[in-house]
Amino acid sequence: MFGIISSRLGWLVAAAFIVVGVPLFMRMPLWCDVTLYAIAARTVATGGVHYRDVFDTNPPGFVWLLCAVRGVFGTSSEALRFADLAVVALVTTGLLWWVRKSGASRAGVAWTAAAIAAFYLFSHEFNHVQRDTWMMLPAGVALVLRLRRAQDPTPRPPPLDGEGEKEARLFSLSPSRGGGRGVGSAFAEGLLWGFGCWIKPHLFFIAVAAWLATRRRFSWRDHVAVFAGGVVEGVGGVAWLVATGAWPHFVEIWRTWNADYFATVMRELPFRCVMQLQYFPPYSVCAVLAVPLAVANLRNRSEEPEAFRRRALAAVYLAWLFTALLLQRPFHYVHVPETLLMLAVFAANRWAVPFAIVMLSLFASAVFALTGHSFAHIPPHPAFDANRTRWWATCFQGDPPREARTGVAMYAQSFSGIDPAELGPVADFLRTQNVRDGELIAWHDSPHALYLDLGIQPRFRFMHVSTAAGLGKWQEEQVLSELQAALPLARFVVSDMHRITAKYGELNDLDATGLPKVLPAWQRSEFPFDQPVVFRSPSGRYLVHRVVKPVTTARIPKELDQQELK
């Protein structure tokens with residue numbers, strides 16, 4: 001009886017988080033990574049050449065997916081967020097199926113669903129519509145195919161000795177030796193892993209971990225079919241690059257622009273180790289429990305169906321965690337998949353950690369509401385943030401005001417975040433200037449969303465200008481060279497003062513030239529601040545400069561409020 005009550009309560013809590021969270025989620029502004037890929041998808045869909053026309057340091061798989069989203073759902077931010085919600089819902093459904101098959105109770109499944117709803121819908125926009133979460137979908141389908149093939153559809157007669165009951169439990173998950181669901185399923189699995197690697201090549205290590213954890217259940221024919229599917233998908237991706245003219249530019253990216261990636265990752269490793277348990281409080285810290293639990297699952301060599309599925313889940317979780325920790329940059333969205341998998345590991349082992357996480361978040365919210373005090377590692381849940389939820393009803397309007405979109409944002413003030421209430425007036429001004437293709441240069445990181453809002457194509461291929469220029473000295477010089485080539489046609493450039501300073505309240509305190517006094521002296525002779533300001537957003541965050549003279553230097557600070565050139 002208690003289990004039934006707990007299960008129903010878990011689903012009720014999950015539903016409550018969904019009801020509160022989905023409308024807010026759908027109206028949040030997109031992160032600048034998403035707008036970059038949206039521009040890239042638009043460019044490819046209209047006949048442009050990826051990498052040549054829009055700079056990107058990653059494989060093209062995510063662009064392919066966004067091209068599909070454009071064709072099916074449309075081009076709005078809501079279309080992208082709906083697709084993201086669908087991906088997360090499918091991934092969650094797959095994980096819940098997996099944990100139930102691995103021994104989770106009904107209540108464990110329900111509270112895992114609640115913990116996922118409480119987590120993803122209320123994470124900040126940095127984590128949404130990102131490659132790491134989307135590549136979980138092909139990976140998940142590949143794993144489902146693999147787990148189902150591991151089940152022999154032809155049970156053997158039960159043994160005659162006293163072990164009959166124990167052996168009978170093994171028949172439902174006995175080794176597939178070339179029969180079962182056939183090499184077609186194995187080939188499809190390889191295609192899915194290959195496609196996922198075109199989204200992000202780090203998925204290769206997860207695929208290897210899944211193979212190692214389950215390889216003894218399959219014949220050599222199965223292994224060859226999986227490998228062949230991956231090779232075919234790889235060749236298909238290369239064929240697309242060649243056919244669209246993107247191949248030489250793709251090679252250039254990987255030979256030159258990405259040359260220092262591994263060195264950067266190794267340099268950041270100590271910081272990532274410090275951050276590992278802090279990305280998503282109170283979820284991330286639970287890895288100290290999940291990792292030894294997953295290791296124990298790996299060490300359990302039982303061939304019983306539930307133990308086998310837990311072992312496969314543990315292998316995927318650990319591979320995802322350590323790939324993120326050791327081989328990726330210290331970005332929050334990188335750790336979303338491992339967090340979902342961690343919750344699944346707990347549920348599969350009947351550990352009530354997902355329930356505890358939700359309860360602790362609700363308790364911290366109640367304490368904060370009653371006393372105003374918060375706990376260091378258990379913050380109040382965002383579902384109870386009145387400054388956001390007051391916009392909940394407005395989210396149902398056909399086209400909510402810009403202020404509502406900014407109001408539901410969680411990270412809009414970051415220089416990589418987009419503030420619709422600030423960037424919208426800039427777009428309105430540029431419309432009055434009848435700006436056309438190639439006449440606008442969006443500088444720094446987030447202003448390039450204007451290309452989508454205005455429906456114009458950039459001539460300058462860099463969207464994350466700070467990121468590209470910050471990759472190295474040669475890269476900085478290349479950005480300057482391409483800027484100089486694009487400038488003759490340009491009429492306006494938009495800068496973002498949040499990329500320069502954290503002193504947001506002083507942005508409208510201007511000097512005689514019309515520039516904010518907080519702008520460091522050395523930046524005043526750098527592009528675009530050497531061009532006259534003709535418009536500023538209400539808070540002074542975004543500045544519109546008219547291009548009136550050639551550019552000789554366009555260095556961007558490496559840190560906020562940097563007073564001297566480094």
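This briefing walks through selected helices, salt bridges, backbone features and a surface patch of the structure above. The model is predicted. Across it, the count of salt bridges comes to 24, and a few of them are introduced below. Welcome aboard, and feel free to find each residue in the 3D view as you read.

**Salt bridges between separate parts of the chain**

- Helix α7 (residues 136-149) is a good place to begin, as Arg146 sits there, while Glu189 belongs to helix α9 (residues 182-199).
- The side chains of Arg146 and Glu189 meet in a salt bridge, with N to O at 3.2 Å. This pair links distant parts of the chain, 43 residues apart.
- Arg146 and Glu189 are both buried.
- Arg149 forms a salt bridge with Asp222, and their closest N and O atoms are 2.7 Å apart. Asp222 lies in helix α11 (residues 220-243) and Arg149 in helix α7, so this salt bridge ties together parts that are 73 residues apart in sequence.
- Asp222 is buried, and Arg149 is buried too.
- Another salt bridge joins Arg541 and Asp496, with the closest N and O atoms 3.0 Å apart. Arg541 is in the loop between β3 (533-536) and β4 (542-546) and Asp496 is in strand β2 (residues 492-496), so the pair ties together parts that are 45 residues apart in sequence.
- Arg541 and Asp496 are both buried as well.

**Arg405 and its network**

- Arg405 is part of helix α19 (residues 402-408).
- Is Arg405 buried or exposed? Its relative accessibility is 13%, and because buried means under 20%, Arg405 counts as buried.
- A network of salt bridges links Arg405 with Arg27, Glu78 and Asp399.
- The side chains of Arg405 and Glu78 are also joined by a polar contact of 2.8 Å.
- Leaving aside neighbours within four places in sequence, the residues in contact with Arg405 include the network members Arg27, Glu78 and Asp399. Pro29, Ser77, Pro400 and Pro420 are in contact with Arg405 too.

**Two helices to trace from end to end**

- Helix α5 (residues 106-120) has 15 residues, which at 1.5 Å a residue should span 21 Å. The end C-alpha atoms of α5 are 21 Å apart, so the model agrees with that expectation.
- How many of the residues of α5 are buried? The helix is mostly covered, with 14 of its 15 residues buried.
- Helix α17 (residues 353-371) has 19 residues and should span 27 Å at 1.5 Å a residue. Its end C-alpha atoms are 26 Å apart, which agrees.
- Buried residues in α17 include Val353, Pro354, Ile357 and Val358. Ser361, Ala364, Ser365 and Val367 of this helix are buried too.
- Gly372 follows α17 and has a positive phi, near 80°.

**Backbone features in the loops**

- Most residues other than glycine have a negative phi, and most peptide bonds are trans. The following places are worth a look with that in mind.
- Val129 has a positive phi, near 55°, and is not a glycine. It is found in the loop between α5 and α6 (131-134).
- With a relative accessible area of 1%, Val129 is buried.
- His444 is not a glycine either, yet its phi is positive, at about 60°. Look for His444 in the loop between β1 (440-442) and α21 (449-454).
- The relative accessibility of His444 is 1%, so His444 counts as buried.
- The peptide bond from Pro281 to Pro282 is cis, and its omega is near 0°. Pro282 belongs to the loop between α13 (261-275) and α14 (287-299).
- Phe527 and Pro528 are joined by a cis peptide bond with an omega of about 5°. Pro528 sits in the loop between β2 and β3.

**A nonpolar patch on the surface**

- Which residues make the nonpolar surface patch of about 450 Å²? They are Phe204, Phe205, Val208, Trp211 and Leu212.
- One of these patch residues, Phe204, is in helix α10 (residues 203-214).
- Phe204 has a relative accessibility of 47%, so it counts as partly exposed.

Terms used:
Residues are numbered from 1 along each chain as its sequence is written. This is a predicted model: local features need pLDDT of at least 70, side-chain atom pairs count only at pLDDT 80 or more; totals for chains, interfaces and linings use all residues. Side-chain values use heavy atoms; hydrogens and water are left out. Patches are made of residues with over 30% relative accessible area and no salt bridge: like charges are joined within 9 Å, nonpolar side chains (Val, Leu, Ile, Met, Phe, Trp, Tyr) within 5 Å. Accessible areas come from the Shrake-Rupley method with a 1.4 Å probe; for residues, only the protein chains shown count as cover. Helices (H or I, at least four residues) and strands (E, at least two) are DSSP runs, numbered from the N terminus. Buried means under 20% relative accessible area, exposed over 50%, partly exposed in between (1.4 Å probe, protein chains only). A polar contact is a pair of N or O atoms within 3.5 Å; within protein, one must be able to donate a hydrogen and the other to accept it, and residues adjacent in sequence count only if both atoms are side-chain atoms. Contact means heavy atoms within 4.5 Å. The expected span of a helix is 1.5 Å times one less than its number of residues.
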